[in-house]
Amino acid sequence: MDYLKLSELLFPNIDKTPDYYENLYPERQLKEGARVTRFAPSPTGFLHFGNLFTCLVSYKTAETTNGVFYVRVEDTDSKRKVEGAIEVMLKGLSVYGIVPDEGVIGENTEKGEYGPYYQSNRKDIYQAYAKSLVIQGLAYPCFMTPDELDEIRSAQENESIKGIWGKWAKHRDLSYEEIERRINAGELWTLRLRSTGTPEGKCFFDDMIKGKIEMPENVQDVVILKSDGIPTYHFAHAVDDHLMRTTHVVRGDEWISSTPIHLQLFRVLGFKPPKYAHVAPIMKEENGGKRKLSKRKDPEAAVTYYAEEGYPSESVNEYMLTLANSNFEDWRRMNKTESLEKFPFNLKKMSVSGALFDMAKLSDVSKNVISTMSAQKVFELSYEWAKEYNAELAALYEKDKERAAAILNIDRENKKPRKDIAKWSDIPDYISYMYDETFKPCYELTGNATPALAVKVLEKYIDTVNLSDDKDAWFSRIKDMCEGVGCTPNVKDYKSEPEKFAGHVGDVSTVIRVALTGRTNTPDLYSITALLGAETVKQRLTDALKHYREEA
């Protein structure tokens, strides 16, 4: 076979050689140890939490080594393309601080010297490398029809190795004349790799997460160019990762089974393969077992869920790092105020079997993150969220933005801030008692507080409350009331001789708290009272007193 002649028959319009592209895309001039990673989405528009997680791992791998993280769009399947999808994905990534150094940075907008970064614009590059493989006798045209392929699939139902190989590779050794005749007759053809693998052969590689892996080597003559001249994923990713000088490929572990094909392609193309890091899927507990996080079953599988619920991006990032590296939480305890950028992320610290998604853990992480924010930041972030997702909360804020920020600052900027808020959608309920429009009275009491005691406390407190008091004076008034209502201002006295008292100062405070907020547990009652204002305080105390008189 004259392979050069065959290559010209198959690719008459390709005049560039691999050497041309090797010179066009030279080795990157980076510091030793710098890693080049990528995110390579299809333009479908849906950003799965698992995608975001894997992307974060890829991004951190580059960031912690002062390397390069780029975005390449794998858009060769036009049937799956959704208009505007890339913009949605990039925006989704940027929310979580993942901004590419190069590649696709906007819809049809690219940055960097290793493009085009849309695979649909790289057809000639792929065909140049495909033509080179034909010249070397490493690839051949296959004219099998869909019906013929279906017949082979049926015949191989009980075979241990499936696909086009061995006796099934019917067009592997067609003569030049037969190939030419079929092409001139208008028959469609795909280009297949002439695999060098054997059924006994083994493929070995060292996965950055899972360690050493041994698999059967690839024996299939896989399709590398489809009948329209567009490459398959396998071939395109090998060419692109090489020319874009990718050093580490971070991807889901569903691709492990394809790795022998990819390593074989790198070898026949004469490329040094990248290091692979296969990330196990995010799992979820269900009925005592585990399953993959599902976009059909789990709302939290969609990245949009976190924006809609109002989880700050800082919280989601923090949580993802608890899933990504086993030592992150120890690092965070030792570095409570450090930026996440300072965390020494390491692929070797990732779970081999898959991290377990835990909504309760996400909430705990988020409460910690939000508790460290200033009141102004909490206000600004939650206001932006409310403008898009909760018009009622936005309207409350807009009545008096300074007062709203002050409400959010109660028990916040101190050594032990409260941790009541896990997400912005918690805020409407959290602050509902601070606004007459959303306040819902509830007069249930706890501890030693009874309706009879409540009547006595409120009758006195209505006449003594003074919003001009500082906190010490305010609390002194409450303690001074205790004796007159049969309580003690000293909790220790009550504990030692409970039979002598109707309750203690805490029970007195509970009555006032419930009257003003409808709750037995709130942030600092003094601050709440001051921000409610004299008119609202008097009205709520009066309403509560009326209720308890009727109940007592």
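Let's start inside: the largest cavity holds about 80 Å³ of space. Keep in mind that this is a predicted model. The count of cavities of 30 Å³ or more comes to 4, and two of them are worth a walk around.

Who lines the largest one? Its walls are made by Lys367, Ile370, Ser371, Leu408, Ile410, Asp411, Arg412, Arg418, Lys419, Asp420, Ile421 and Tyr430. Helix 13, running over residues 359–371, supplies the largest share of that lining, with 3 residues. Sort the lining by class and you get 6 charged residues, 5 nonpolar ones and 1 polar one.

Now hop over to the second largest cavity, with a volume of about 40 Å³. Here the lining consists of Phe53, Val279, Ala280, Ile282, Leu323, Met350, Ser351, Gly354 and Ala355. By class, that makes 7 nonpolar and 2 polar residues, with no charged ones.

Two of those names, Ile282 and Leu323, turn up again when you look at phenylalanine 49. Setting aside neighbours within four places in sequence, Phe49 is in contact with Ile282, Leu293, Glu300, Ala301, Val303, Tyr306, Val316, Tyr319, Met320, Leu323 and Phe357. Phe49 also belongs to the largest nonpolar core, a set of 155 residues in which Phe49, Leu191 and Phe235 touch the most other members. The largest share of this core, 8 residues, comes from helix 3, which spans residues 49–63. There's a second, separate core too, made of 9 residues, with Ile152, Ile164, Trp168 and Val219 among them.

Let's finish further along the chain, at histidine 504. You'll find His504 in strand 15, a short stop covering residues 503–504. Is this histidine buried or exposed? Its relative accessible area is 15%, and the cut-off for buried is under 20%, so histidine 504 counts as buried.

What does it touch, then, if you leave out residues up to four places away in sequence? Histidine 504 has contacts with Asn448, Cys487, Thr488, Val491 and Tyr494. Take Tyr494 from that set: it sits 10 residues from histidine 504 along the chain, and the two C-alpha atoms are 6.3 Å apart. There's a polar link close by in sequence as well, where the side chain of histidine 504 reaches the backbone nitrogen of glycine 506 at 2.9 Å.

Methods: Residues numbered from 1 in each chain as written. Predicted model: local features only at pLDDT ≥ 70, side-chain atom pairs only at ≥ 80, totals over all residues. Heavy atoms only, no water. Helix = DSSP H or I, 4+ residues; strand = E, 2+ residues; numbered from the N terminus. Buried < 20%, exposed > 50% of the residue type's maximum accessible area, 1.4 Å probe, protein only. Contact = heavy atoms within 4.5 Å. Polar contact = N/O pair within 3.5 Å; in protein donor to acceptor, adjacent residues only side chain to side chain. Core = buried A, V, L, I, M, F, W, Y, C linked by side-chain atoms within 4.5 Å. 1 Å grid on protein atoms, 1.4 Å probe; cavity = no way out; pocket = protein on both sides within 12 Å on 5 of 7 lines; lining within 4 Å. Points joined across faces, edges and corners; volume = space filled by probe spheres on them. Nonpolar A, V, L, I, M, F, W, Y, C, P; charged D, E, K, R; others polar.
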